[in-house]
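The following note collects points for a colleague who is about to examine the model. The remarks are arranged by site and then by fold element.

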Amino acid sequence: MRYLTAGESHGPQLTAIVEGLPSQLPLSRADIDPWLRKRQGGYGRGRRMVIETDEAQIMSGVRAGRTTGAPITLVIENRDHRNWTEIMSPETGGEPRKKALTDARPGHADLTGGIKYRHKDLRDVLERASARETAARVAVGSIALKLLSELGVEGANFVASLGGIEAQEAFSWARVQEIEESDLRTLDVDAAARMRERIDQAKKDGDTLGGILEVRFRGLPVGLGSYVHWDRKLDGRIAQACLSVQAMKGVEIGRAFENAVEPGSRVHDAVYYREGTYARDTNGAGGLEAGMTNGEELIVRVAMKPIATLMTPLPTVNVVTHEASDAARERSDTTAVPAAGVILQTVIGWVLAEAMLEKFGGDTLPELQERVAAARAFARAY
Ligand SMILES: Cc1cc2nc3c(=O)[nH]c(=O)nc-3n(C[C@H](O)[C@H](O)[C@H](O)COP(=O)(O)O)c2cc1C
Ligand SMILES: C=C(O[C@@H]1CC(C(=O)O)=C[C@@H](OP(=O)(O)O)[C@H]1O)C(=O)O
C-alpha cells in the first residue's frame, strides 16, 4: 500500500491518492468524515477550525459502497481558500504578495525551509509545512482503520497529559465513548477542568502548550512486522509514522522510559499457556517484541511540543533585512494536543494495515479475512 498527499493550507484543496487496498472493503464517506470531524475538535484550537467543516469527497476507487481495487482519490476542500485566492494564486501578478511572512517563527519550518528552498516569502514554506496536511493523512488513515476493523482490530487514542497536567484515570476500552465526548479526549474530568484553565491562561499570556498522547490497538494478530531487517521492524515503522506528524518529538512503546530504570525481572512479561492459547498477565512490552506484534495490546505514547506560533513572540530575525524583530504572529492554535491523538491513531493504523497486507497479501477483503483467521488459529495452537 502507498499514498501521496498534496495541497497547501490555504490553497483550494487537499488531495490524496491511495493505492494497494484490497477490493470488496465496504467504504463510504461515513467511514472517513467522523475522523475528520474529530481531528478538528479539542479545546484550545484556533479560529480556523470554525471556518472549516472537513469532508472527504471520494473521487475514484469506490463504487456502490465497496473498494474496487483501483486507486482511491480523496479530496478535502479548504473552505478558508475563498479568503486567500489572490494570495495563493499560482499565476504571476500581485508580487510582493499580501500576507508575506518574513519574521521567521522559532520552532516552525520558516527559517530552515526558507534557506533550503530559497524562499524569502516564508509563506511558501509554511503553507505546506502546516499541519493542515494532516487532514489528508487522517482521511487516508481512516480507510486503514476501516480495513483493520474488518479484520477484528480496534483502536483508541487519548490525552495522557497536557500542559504538564496528567490525566490520572486509567484507560478502559469500555469507556472509549466517554473519551470521544470529552473536548480534552480524557476520562479524567478533574484533570480536564485543570487543562482547560491552563489553556485559557496560556492563551491570555500569548503562549502555547504541548502534551503526551497515548494510542492503543487491540486484536492484532501475532507476527506483524519482522526482526530480520531494520526497515521491517514494526516498532521503528510506527515511530517513523508518529514522528512524521507535525510537532511530534518523542515516541515511547509501552512504558519504555519507566522500564529503563527497572530491572528486567520487573519489566518483561512472563508467558503461560492457558485455555488453549498463549497468555501474558502483564504488558511491559507494549505489544511489540523484536519488531513484531506479540498479540498483546499495542501501546504507543507520543510527546507533542507546544505550538510554535506565539502571540507573545520570541526574538527572531527578519530574513529580508537581517534586522532583529519579533517572530510573526499568525492566527494559530493555543494547543492541538487532543487533535494529535486522532491523527496518531490514523497514521499508526496505516502502518498496521500495511503490515497486515504484507503478511497476509490478498487482492480482496474475504481472502485477507480467511488468512488472518487461519493465522490466529495457528498462533493459539502453536
Ligand atoms: C493538529 C495540529 C495543529 C497545529 N497547529 C499549529 C498552529 O496553529 N500553529 C503553529 O505554529 N503550529 C501548529 N502545529 C505545529 C506545526 O505544524 C509544526 O510545529 C511545524 O510544522 C514544524 O514542524 P515540527 O514541529 O515537526 O518540527 C500544529 C500541529 C498539529 C499536529
Ligand atoms: C488548518 C489546520 O491547522 C493549522 C495548522 C497550522 C500550522 O502551522 O501547522 C497553523 C494554523 O493555520 P491557520 O493560520 O490557517 O489557522 C492551524 O489552523 C488544520 O489542522 O486543519
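**Notes on the annotated sites, ligand shells and sheet**

1. Alanine 290 counts as partly exposed because it has 13 C-beta neighbours inside 10 Å, and a residue is called buried only from 20 such neighbours upward. The residue sits in the loop between strand 13 (288-289) and strand 14 (292-293). As with everything below, this assignment rests on a predicted model.

2. Alanine 290 is one of the positions covered by the UniProt annotation "binding site", taken from an unreviewed entry. The annotation also includes Arg128, Ala129, Ser130, Gln246, Ala247, Lys305, Thr309 and Arg331. These annotated positions extend over 204 residues of sequence and are also spread in space, with up to 43.9 Å between C-alpha atoms.

3. Alanine 247, another position under that annotation, is located in the loop between helix 9 (234-243) and strand 10 (248-253). Is alanine 247 buried or exposed? It counts as buried, because 20 C-beta neighbours lie inside 10 Å and 20 is the number at which that class begins. When residues up to four places away in sequence are not counted, alanine 247 touches Met304 and Lys305. Lys305 itself is among the annotated positions.

4. The UniProt record, again an unreviewed entry, also places the feature "binding site" at Arg39 and Arg45. Arginine 39 belongs to helix 1 (residues 29-40), whereas arginine 45 is found in the loop between helix 1 and helix 2 (48-51).

5. Arginine 39 is buried, since 28 other C-beta atoms lie within 10 Å. Apart from neighbours within four places in sequence, its contacts are Thr134, Ala135, Val138, Ala339, Val342 and Ile343.

6. Arginine 45 is likewise buried, on the strength of 22 other C-beta atoms within 10 Å. With neighbours within four places in sequence left aside, arginine 45 is in contact with Asp333, Ala336 and Ala339. Ala339 thus appears in the contact lists of arginine 39 and of arginine 45.

7. Around ligand 1 there are 20 residues, of which Ala131, Gln246, Thr309, Asp333 and Ala336 come nearest. By class, this shell holds 11 nonpolar, seven polar and two charged residues. Helix 11 (residues 337-360) supplies the largest share of the shell, three residues. Asp333 and Ala336, also contacts of arginine 45, are in the nearest group.

8. Which residues come nearest to ligand 2? Of the 13 around this ligand, they are Arg48, Ser130, Ala131, Arg132 and Arg331. The shell around ligand 2 comprises two nonpolar, five polar and six charged residues. Ala131 is listed among the nearest residues for ligand 1 as well as for ligand 2.

9. Four strands form an open sheet in the order 1-2-6-3, with antiparallel pairing. Its edge strands, each paired on one side only, are strand 1 (2-6) and strand 3 (56-60). On average, and with direction ignored, neighbouring strands of this sheet are turned by 20 degrees against each other.

10. Within the sheet, strand 2 (residues 13-19) and strand 6 (residues 72-77) run antiparallel and are joined by six bridges. Isoleucine 17 stands opposite threonine 73 in strand 6. Helix 6 (residues 134-150) lies across strand 1, strand 2, strand 3 and strand 6, and runs at about 30 degrees to strand 2.

Technical notes: Residues numbered from 1 in each chain as written. Chains lettered and ligands numbered in written order. Predicted model: local features only at pLDDT ≥ 70, side-chain atom pairs only at ≥ 80, totals over all residues. Near = placed C-beta within 6 Å. Nonpolar A, V, L, I, M, F, W, Y, C, P; charged D, E, K, R; others polar. UniProt positions renumbered as here; feature names shortened; annotations may be inferred. Helix = DSSP H or I, 4+ residues; strand = E, 2+ residues; numbered from the N terminus. Buried ≥ 20, exposed ≤ 12 C-beta atoms within 10 Å, placed from the backbone. Contact = placed C-beta atoms within 7 Å. Pairing = 2+ DSSP bridges. Axes fitted to C-alpha atoms, helices over the stretch in contact; angles between N-to-C directions.
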